[in-house]
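Visitor: Could you take one strand of this fold and walk me slowly around it? I'd like to know what sits beside it and what follows it.

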Amino acid sequence: MKILLAVDGSPYTKKMLAYLVTHEATMSESVEYTALTVCPEVPPRARKALGKAMVDQYYAEECDKVLSPVMKFLKKHEMNVNSVSKVGQAGETIAKIAEAGKYDLVIMGTHGVGALNKLVMGSVSTKVLAQCSVPVMLIR
């Protein structure tokens, strides 16, 4: 089984990871885990002003801030996990990676915002659910 763990470094990611390591069904040795974080794109004008090297360094640092503690936590719990970082819109990117990688399940924490906030701003988890045919487990 292949499981994609969508992580963003928030307290909701921490809740999701805590859930993951405390439930035997998700801790099987036959499961292949991939932790994915998606860094928002730097606006085009800023990219042009900063230059490619500086923007690439920024992306690497931001993604490492999220993935490093996640990987450390999961390795502490003896989970073999790959990590992937991408740049783009979080919901769309998570859905595309889940589909392209032929994952069996996506697990992600959810902020649980209200209906009005979803209507105005949208939600990463809502976008993943809408755009992904892979089953999604939301941990709140």
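**A close look at β4**

Guide: Happily! Opposite Ile 3 stands Leu 105, a residue of β4, and that makes a good starting point. The model is predicted, so local features need pLDDT of at least 70 and side-chain atom pairs 80 or more, while totals for chains, interfaces and linings use all residues. Numbering starts from 1 along each chain as its sequence is written, and side-chain values use heavy atoms, without hydrogens or water.

Strand β1 (residues 2-6) is parallel to β4, and the two pair over 4 bridges. Strands here are DSSP E runs of at least two residues, and helices are H or I runs of at least four, numbered from the N terminus; pairing takes at least two DSSP bridges. β4 also pairs in the parallel sense with strand β5 (residues 136-139), again over 4 bridges, and there Val 106 stands opposite Val 136.

Step back, and the 5 strands form an open sheet in the order β3-β2-β1-β4-β5, with parallel pairing. β3 and β5 are the edge strands, each with a single partner, so one side of each has no neighbour in the sheet. From one strand to the next, the twist averages 25 degrees (axes are fitted to C-alpha atoms, for helices over the stretch in contact, and angles between N-to-C directions run from 0 to 180 degrees). Beyond β1, the pairing with β2 is parallel over 5 bridges, and Ala 6 stands opposite Leu 36 in β2.

Two helices meet β4 as well. Helix α4 (residues 90-100) lies across β1, β2, β3 and β4, at about 150 degrees to β2. Helix α6 (residues 124-131) packs on the sheet, touching β4 and β5, and its direction makes about 165 degrees with that of β5.

As for cover, 5 of the 5 residues of β4 are buried (under 20% relative accessible area with a 1.4 Å probe, protein chains only; over 50% is exposed, in between partly exposed). Leu 105, Ile 107 and Gly 109 point one way from the strand, while Val 106 and Met 108 point the other way.

Follow the chain out of β4 and you reach Thr 110, in the loop between β4 (105-109) and α5 (115-121). Its relative accessibility is 13%, which is why Thr 110 counts as buried. Leaving out residues up to four places away in sequence, Thr 110 touches Tyr 12, Ser 125, Leu 138, Ile 139 and Arg 140, where contact means heavy atoms within 4.5 Å.
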